[in-house]
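Morning, everyone. One structure today, and I'll keep it brisk. Have a look at it before I start.

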Amino acid sequence: MAKIKSKWVCQVCEYETASYLGKCPECESWSSFKEELIQAKSSLKNSNMIDNYDSYFAPRLLKDVNVDTEVYFSTCYSEFDRVLGKGIVENSLILLGGDPGIGKSTILLQVCGQLSSQGIKTLYVSAEESPKQIKLRAERIGISSENLFVFAQTNLNFIIDEARKLEPKVIIIDSIQAIYDPELSSAPGSISQIRECSNRLLNLAKYGSASIFLIGHVTKEGAIAGPKVLEHIVDTVLYLEGDAYKSYRILRTVKNRYGSTNEIGVFNMIDKGLVEVCNPSELFLSQRSEANAPGSVVISTMEGTRALLVEVQALVGPTSYAAPRRVATGLEYNRLQQILAVLEKRVGLSLSKYDVYASIVGGLTINEPSADLGTALSVVSSVRNIIIDKNTVVVGEIGLTGEVRAISGVEARVNEAVKQGFKKILIPEANLTDDLKNKNIEIVGVNRLIEAISKSILIPQEAK
Ligand code: TYD
Ligand code: MG
């Protein structure tokens, strides 16, 4: 009997060896090798490329390619459409990743439900749950439709056969790690299975009638599990993020062939599924105390094309350690250190005997330098126990000489501040242009950090 040959494949970088290794010499991951059987060449000829050969493959002049028909269709959720560009692009392959239990299955089942109730045929393939479980969830979120098909199956051949027979416009694969191609001997979820399955599904999407959503599990580090090529194969990569202790969820694009990246959509998880939050600034500012409080400043951050208002808080108090503590939550730690250094040197604020805690309220993470000025003012406000007017928004990047540098997207930020009813906005002087005239808000340009402090203080408060 012929000996069955196997190889060991690193599940992180696809490095191959003949025997087990504890540490991958290529990507230096530990315990990442799995045994896979070596396939005979003939059984690897799948990928459906050859049997699908038709006129789509023939070279055509670009000017003859027909784009008369509408290629986008709406998911019926404006927050979801915004993240995708204008909506779902026909024949596209979209990957949705996220932590377990964050709501990936729920959001896509809701999209299927909405599309189906508009007469669009959809197929939800569940490799992890039974049709009964899906029905229970659908009842909970109030979906009942004539056009929504569910299929509990893990074998990719059956999935593709049924999809060809049904010809749905949208297919959901929940999840790509749980389905398998029977012609490969490795286990579902292994790197070769994921690559092969996603390639065959790519074919189904491009040369069939459907757009396909793949749900992907994430690794401990937060990346989508599977080969790196998976993110290259698909047209769009989305992540559904959120805090396990908070009910809102953020849908984020990290790759999009048909729209801009870094767009976000905000949803709220309630007992009837996910509902859209069309005014996220209101959500992030909803728990702000009515009274003016020292250490609190409202800043504006850009997420794609949209400006969001969030609160930054600082707490500065005498330290009981030899080296004072600096804690940044939702802000970049090194950026906070730099702001504190500038405050010491350029404003003369001595912080070496104080602990500094700075945090973005609501669980958002901000990497933008435009949060610098607001962060600095919140620190000043806390250490001096003075108040920055709660009706003021502050934006600007701080340079090492204490200058306030220009930022992008100022008009969108000003408009959002007006929309949310703020009275005043501090922006870098260099950003003051004619476009900002006639806005229903007081716009104050600042050149230096020290100037920003004097222009935003409301009332000195008695030290408590
Ligand atoms: P699910 O979509 O199964 O997550 P994923 O597919 O990403 O693993 O979502 C499960 C979580 O969502 C679960 O913790 C309960 C919560 N949930 C609600 O709060 N309300 C609802 O209506 C539904 C359907 C789920
Ligand atoms: Mg799920």
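I'll go through confidence, then the sheet, the cores, two helices and one loop residue.

First, what we are looking at. This is a predicted model. Mean pLDDT for the chain is 87, and 92% of the residues reach 70 or more. There is one stretch to flag. Over residues 42-50, pLDDT stays under 50. The model still gives that stretch 17 contacts beyond four places in sequence. Where pLDDT is low, predicted coordinates should not be read in detail. I will leave that stretch alone.

Now the overall picture. The chain has 464 residues, and 49% of them are buried. There are 11 helices and 25 strands. Along the principal axes, the C-alpha atoms fill a box of roughly 85 × 55 × 50 Å. Take the contacts with a separation of 6 or more: 67% of them join residues 24 or more positions apart.

Next, the sheet. Seven strands make an open, mixed sheet. The order is E17-E18-E16-E15-E20-E23-E24. At the edges sit E17, residues 326-329, and E24, residues 442-446, each pairing on one side only. Neighbouring strands are turned by 25° against each other on average, direction ignored.

Look at the E24 end. E23, residues 424-428, pairs with E24 in the parallel sense, over five bridges. Ile425 stands opposite Ile443 in E24. Helix H11, residues 449-456, packs on the sheet here and touches E23 and E24. The direction of H11 makes about 150° with that of E24.

Which strands does helix H9 lie across? H9, residues 372-384, crosses E15, E16, E18, E20, E23 and E24. Against E16, H9 runs at about 35°.

That brings us to the cores. The largest nonpolar core has 44 residues. Ile299, Leu343, Leu351, Ile360, Leu373 and Val379 touch the most other members. H9 gives the most to this core, with six residues. Take Leu373. Beyond four places in sequence, Leu373 contacts Val394, Val395, Gly396, Ile398 and Val404, and also Val446, Leu449 and Ala452. There is a second, separate core of 32 residues. Among its members are Phe151, Leu156, Leu204 and Val218.

Two helices are worth a stop. H5 covers residues 191-207, 17 in total. From first C-alpha to last, H5 reaches 24 Å, close to the 24 Å expected. H5 is mostly covered, with 13 of its 17 residues buried.

H2 is residues 104-117. How far should its 14 residues span at 1.5 Å a residue? The answer is 20 Å, and the end C-alpha atoms of H2 are 20 Å apart, so the two agree. H2 is mostly covered too: 12 of its 14 residues are buried. The buried set includes polar names such as Lys104, Ser105, Thr106 and Gln110, alongside Ile107, Leu108 and Leu109. After H2 comes Gly119, with a positive phi near 90°.

Last, a loop residue. Ser32 sits between E2, residues 16-17, and E3, residues 33-37. Is Ser32 buried or exposed? Ser32 has a relative accessible area of 7%; the cut-off for buried is under 20%, so Ser32 counts as buried. Which residues does Ser32 contact beyond its neighbours within four places in sequence? They are Val9, Cys10, Gln11, Val12 and Cys24.

That's the tour. Questions, please.

Key
Residues are numbered from 1 along each chain as its sequence is written. Chains are lettered from A and ligands numbered from 1 in the order in which they are written. This is a predicted model: local features need pLDDT of at least 70, side-chain atom pairs count only at pLDDT 80 or more; totals for chains, interfaces and linings use all residues. Side-chain values use heavy atoms; hydrogens and water are left out. Two strands pair if DSSP finds at least two bridges between them. Helices (H or I, at least four residues) and strands (E, at least two) are DSSP runs, numbered from the N terminus. Axes are lines fitted to C-alpha atoms, for helices over the stretch in contact, and angles run from 0 to 180 degrees between N-to-C directions. Contact means heavy atoms within 4.5 Å. A nonpolar core is a set of buried Ala, Val, Leu, Ile, Met, Phe, Trp, Tyr and Cys residues joined through side-chain atoms within 4.5 Å. Buried means under 20% relative accessible area, exposed over 50%, partly exposed in between (1.4 Å probe, protein chains only). The expected span of a helix is 1.5 Å times one less than its number of residues. pLDDT is the predictor's confidence in each residue, from 0 to 100.
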